[in-house]
Amino acid sequence: MTSFDTSPQLNVWRALLALAVVFVMLATTGWTALRNQRGPTALEASVAAWGHGRIDGRALPDRDTSPTRLARFFASLSDWQRTSLAHRYPLAVGNMNGAPVELRYLANRTALEKARSVESARMHDKRLSLSGQREAGQRMNHYDSLLARGRHILAFDPSGAGRVAEVFGNLDRAERVSVVVPGVDTELVTFERAARKYSAPVGMAESLYDAERSASPGTRTAVIAWADYTSPSGLGMEAATASRAEQGAARLNGLLRALPGGAPVSLFCHSYGSVVCGLAADTLPGRVTDIAVAGSPGMRAAKAAHLHTDARVWAMRDADDWIQDVPYLEVGGLGHGADPVSAAFGARVLSARGAQGHSGYFVPGTESLRNFAEIGVGAYRTVACAGEGDTCRAGLSAATAAGRA
């Protein structure tokens with residue numbers, strides 16, 4: 001007779017209790033509070049104006065039409081006409097999948113300058129509290145940084161907590177493209193950090209870009225720091241559910257389907273970002289060859305095969321990462337499913353040696369970063385697997401391992 005201590009029913013109840021306790025504890029650390037908007041946001045106003053706009057007598061196309069049709073529209077315009085649209089509708093053009101990359105950079109620079117002017121005025125607005133004025137100053141400083149010479153801002157939305165994406169390298173000419181998808185607490189003011197630099201999207205992407213160039217100096221690479229979705233704020237209930245990830249997955253797929261050229265794309269998904277990538281997996285364009293997750297709470301799937309993607313699925317977790325203590329379950333919409341580094345899940349499990357906890361996977365000199373860089377440039381044959389042997393490289397043909405398939 002099965003003992004009570006080890007009965008399957010009791011194990012299920014223990015798992016459910018553990019899940020409930022963890023998520024109650026997480027919930028008490030702070031729920032996400034949405035900012036109430038009065039009237040349309042700046043982006044919505046720009047999009048509405050675009051919808052009624054014209055250029056030299058021509059009506060402007062629906063911005064929600066396919067990226068291919070939008071690309072054809074912009075290609076039919078003169079340089080002057082394209083520049084005029086970027087200045088007239090900066091937020092609409094700067095966030096438009098299908099607009100030329102360089103034009104999006106120009107439009108977002110214009111949008112950032114306008115947003116900076118708004119925050120500069122708010123800093124001295126006596127109707128605001130001192131904390132409101134300080135917040136305005138903090139935002140203005142971040143806008144100043146994003147406006148620095150040589151930065152390429154692919155997406156920008158100042159509303160709410162803010163969304164932004166930045167490109168490192170030449171996206172139009174890249175032979176390999178990598179996209180960094182970050183997790184919770186990703187917003188305008190955390191897009192880059194001076195302290196703990198490599199825990200923020202800019203530091204992650206910049207570090208990966210440098211590591212890819214070191215791994216394959218002859219390969220033209222581009223890396224996108226993609227913080228263009230509304231992530232959960234803190235480790236509250238939103239982080240335990242998939243609602244924000246579902247919205248992020250749709251936005252991620254929109255970006256990927258509008259990328260210029262046909263270069264292979266790799267996704268590098270950290271923490272809650274791996275939930276986004278897991279939900280996006282079954283609708284990814286075919287050019288996405290790899291999905292690599294680090295410090296994942298789950299990908300909303302029981303097995304890698306259930307992601308229904310042709311992309312290779314890689315996973316890593318540092319031995320000191322606290323995420324391993326989160327129950328890898330999904331019950332009633334809470335939790336994100338199986339552990340991606342477990343043998344049963346079926347991902348290619350990579351070494352994360354040197355990562356030092358949950359936020360250190362992109363730190364220079366770590367094996368985790370080196371593995372990411374080698375995936376990013378297609379050098380699969382030299383990645384370091386977790387544990388003994390080369391199980392994570394199993395089944396890779398010579399052509400695939402050289403990055404030619």
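Which residues of helix α2 (residues 42–51) are buried? In this predicted model, they are L43, S46 and W50. Viewed down the axis of α2, these buried residues fall within an arc of 65°, so they line one face of the helix. A general rule helps here: an α-helix has 3.6 residues a turn, so residues three or four places apart point the same way. The buried residues of α2 pack against α3 (67–75), α4 (79–88), α5 (90–94), β3 and β4 (163–169).

Two of those partners, β3 and β4, lead us to the sheet. Its 8 strands form an open sheet with mixed pairing, in the order β3-β4-β6-β5-β7-β8-β9-β10. β3 (152–157) and β10 (348–349) stand at the edges with a single partner strand each, so one side of each has no neighbour in the sheet.

Now let us turn to β5. Here 6 of the 6 residues are buried, so this strand is largely enclosed by the rest of the structure. R176, S178 and V180 point one way from β5, while V177, V179 and V181 point the other way. On one side β5 pairs with β6, and β5, helix α8 (residues 201–215) and β6 together make a right-handed β-α-β unit. β5 also pairs with β7.

The table gathers three of the strand pairings, each with a pair of residues that stand opposite one another.

| Strands | Sense | Bridges | Opposite residues |
|---|---|---|---|
| β5 and β6 | parallel | 5 bridges | V177 and A222 |
| β5 and β7 | parallel | 5 bridges | S178 and S266 |
| β8 and β9 | parallel | 5 bridges | I291 and V313 |

In the last row, β8 covers residues 288–294 and β9 covers residues 312–316. Helix α11 (residues 273–280) packs on the sheet, where α11 touches β5 (176–181), β7 (265–270) and β8. The direction of α11 makes about 135° with that of β7.

What about helix α12 (residues 367–376)? How many of its 10 residues are buried? The count is 9 of the 10, so α12 is largely enclosed by the rest of the structure. Among the buried residues are E367, L369, F372 and I375. The cover over the buried residues of α12 includes β5, α8, β7, β8 and β9, several of which we have already met. After α12 comes G378, whose phi is positive, near 85°.

Conventions
Residues numbered from 1 in each chain as written. Predicted model: local features only at pLDDT ≥ 70, side-chain atom pairs only at ≥ 80, totals over all residues. Heavy atoms only, no water. Pairing = 2+ DSSP bridges. Helix = DSSP H or I, 4+ residues; strand = E, 2+ residues; numbered from the N terminus. Contact = heavy atoms within 4.5 Å. Axes fitted to C-alpha atoms, helices over the stretch in contact; angles between N-to-C directions. Buried < 20%, exposed > 50% of the residue type's maximum accessible area, 1.4 Å probe, protein only. Arc of directions from axis to C-beta. Right-handed = clockwise from strand over helix to strand, strands pointing away.
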